[in-house]
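Dear colleague,

Please find below the structure I am handing over to you. My findings follow it.

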Protein chains: 2
Amino acid sequence: METKTNITINDVARIAGVSKRTISRVINGSPMVGQATRERVEQIIKEVKFQPDKQARGLASNRSYLLGLIYDNPDALYIDQVQRGALDICSSLGFELVVHPCQWQSDDFIEDCLNFASRSRVDGIIVIPPVSESDKLAEAFKSIKLPCIRIASTDLGDPDNIVISDDRGAMTDIAEHLIELGHTDIAMITGPMAFHSSKERFEGFKDALRVNGLDLPENRIQFGENTYETGIECARALLTQTPRPTAIFANNDEMAAGAVRVSSDLGIKIPNDLSIAGFDDNIIASRIIPSLTTIKRPVQKIARLATQKLIQSISPDQGAEHEKIVVKPYLITRESTKQCPN
Amino acid sequence: METKTNITINDVARIAGVSKRTISRVINGSPMVGQATRERVEQIIKEVKFQPDKQARGLASNRSYLLGLIYDNPDALYIDQVQRGALDICSSLGFELVVHPCQWQSDDFIEDCLNFASRSRVDGIIVIPPVSESDKLAEAFKSIKLPCIRIASTDLGDPDNIVISDDRGAMTDIAEHLIELGHTDIAMITGPMAFHSSKERFEGFKDALRVNGLDLPENRIQFGENTYETGIECARALLTQTPRPTAIFANNDEMAAGAVRVSSDLGIKIPNDLSIAGFDDNIIASRIIPSLTTIKRPVQKIARLATQKLIQSISPDQGAEHEKIVVKPYLITRESTKQCPN
DNA sequence: TTGTAAGCGTTATCAA
DNA sequence: TTGATAACGCTTACAA
């Protein structure tokens, strides 16, 4: 290694002609510093480009200034947006983001995450769907007193450490959109019912239809697994019925893309013969033909809020805010939905 | 915060009845330890689940055990795969991965990256395309002696710190694939010529055609920007010519998707009337209709190799390997390419 | 409001 | 082959 020419707190103290304790106070925004002193020190810090060493800081204060992001999501775009959102806040508050992809279905998943946490010494954890739905994981972190915030689509019985995307509310929008287009025979391809998000969307959709005097009969419901392949299977089951529905809402864009594929195979024209809508607005939604009407969650914004709340709960001075944060997704109308042909 | 009940090196030393210096030696695999002592210490470490504190270790040894990943890539899937590949190695070697998205076109890009490096105190940096093409950034890291490995598609005049995806070689495969299908009038939509990767693919493709006795005339070349939108523009320019080419190779899948879109708009049937191929195998390649023939880079493998090489160059004991690593992408044949109609 | 001194958990120096 | 002891750069009692 090379000679470290880095400026330390001692250098700053020497230059400023005060003790390093005072510099430390300035760095940490303590009020116990004279106005004049503070300004002088801040000036010097800027001039010499002093950056406190995170390692030393962490060692002394038992904090790492590291935040962990745990995920296991097939939708890379979603993760990317979460990362960017989280980093917006992190970097402005002096934290770094350490990523940890995992396999939340595997046996040692909890252990693996705990191990990650202790290895990396992160000060807090952000968990995104679907991993965020694991109550076990949340409890595991709670038991070792590691602050953890979950991004989810319902409060999961733990409203404190959560940022919620109001998927259910968005269901109203998509249902009304289809109804306004004149559709009355609407089908749904659900996600795995083990997921709260899927259940929320399913029930939200059903409710929205009912409010508008429409039914979602059994033969118009297909249970998918959020994959392209199951989207294909479910859509086939739906579209080979007689009569067939005039609109399909799929729990995510992957399955909606599967439905588009099946329609193409069966010679069903979209959107003329059939309207299809998805959820996520992932990259394929705007790339397939026809482009997909879908629901977009403001993921980056959600991530920002979550990170903010997490750092707040870490910071010793601030009392943790116990208010539930809810963000509402919104409808994006594209080519795949159109006036009902009848 | 809570009482730290963590095991420290002192505890281990006390239990083993040796000095902590000895424990340190064992941890770091120093040969200066007696066989018996080593085994006993290792046994105890396992029993009490001692994990050396990265912060303290870093503070003392001037290392952070953190690796930085710098990127600015529209393809989230690519980033995801890089992350997973890098983490495969990181976690097995006791490193963590800190991510830093950036905007490599912006003015303060270099400064921003340097700032990230000094803030986070990472021990090394992984840079992926297109950021990796910035020689300035590579030099900046070199000048502060921060090990940095670049993932790229040609050696960029810096064969030491690089892992190369042999895009040019892959061009031969795709060209030959089209030629075998009987195509003789083949067009190309290039990427931005400012990118080495685009130039490599462009020239690789041209060369491969030439070797097979085919030409790539000016009117069969369109210069795109790797975006869906420019893909559309370029494809339109190509497909409104008379006669039109029977096959198009696009520099990436996004633009190939644009070409598919234009074909659909113009009533040109793919693959019957026209074959289209892309590069990347990103998610849309398998989702659009028809699915795209494309080139896949083994991104995760490349990331693993890069991370390995980086950590090697960081580790003090090991001499840095000065061998160029090259990985070859491969062809994936899907629906969008077919026998030439003529 | 400011300073002194004692750590935080590890590695590095140098002697035994 | 081992072990005391001093760093590493910062925070945190405790004084002043």
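In chain A of this predicted model, the UniProt record, an unreviewed entry, places the feature "domain: HTH lacI-type" at residues 7-61. Across residues 7-61 of chain A, helix accounts for 69% of the chain and strand for 0%. The C-alpha atoms at the two ends of this stretch lie 20 Å apart.

In chain B, I examined helix α6, which covers residues 109-120. Its 12 residues, at 1.5 Å a residue, should span 16 Å, and the end C-alpha atoms are indeed 16 Å apart, so the expected and computed values agree. The buried residues of α6(B) are Phe109(B), Cys113(B), Phe116(B), Ala117(B), Arg119(B) and Ser120(B). An α-helix has 3.6 residues a turn, so residues three or four places apart point the same way. Just after α6(B), Arg121(B) adopts a positive phi of about 60°.

I also considered the cysteines. Searching the whole structure gives zero disulfides over all chains. Cys90(B), for its part, is in no disulfide, and the nearest cysteine sulfur, that of Cys148(B), is 14 Å away. Cys90(B) has a relative accessibility of 0% and therefore counts as buried.

For Cys148(B), the closest cysteine sulfur belongs to Cys113(B), at 9.6 Å. This is too far for a bond, because a disulfide requires the two sulfur atoms to be within 2.5 Å. Cys148(B) also counts as buried, because its relative accessibility is 11%, and the cut-off for buried is under 20%. Cys113(B), as listed above, is one of the buried residues of α6(B).

With kind regards

Methods. Residues numbered from 1 in each chain as written. Chains lettered and ligands numbered in written order. Predicted model: local features only at pLDDT ≥ 70, side-chain atom pairs only at ≥ 80, totals over all residues. Heavy atoms only, no water. UniProt positions renumbered as here; feature names shortened; annotations may be inferred. Helix = DSSP H or I, 4+ residues; strand = E, 2+ residues; numbered from the N terminus. Expected span 1.5 Å × (residues − 1). Buried < 20%, exposed > 50% of the residue type's maximum accessible area, 1.4 Å probe, protein only.
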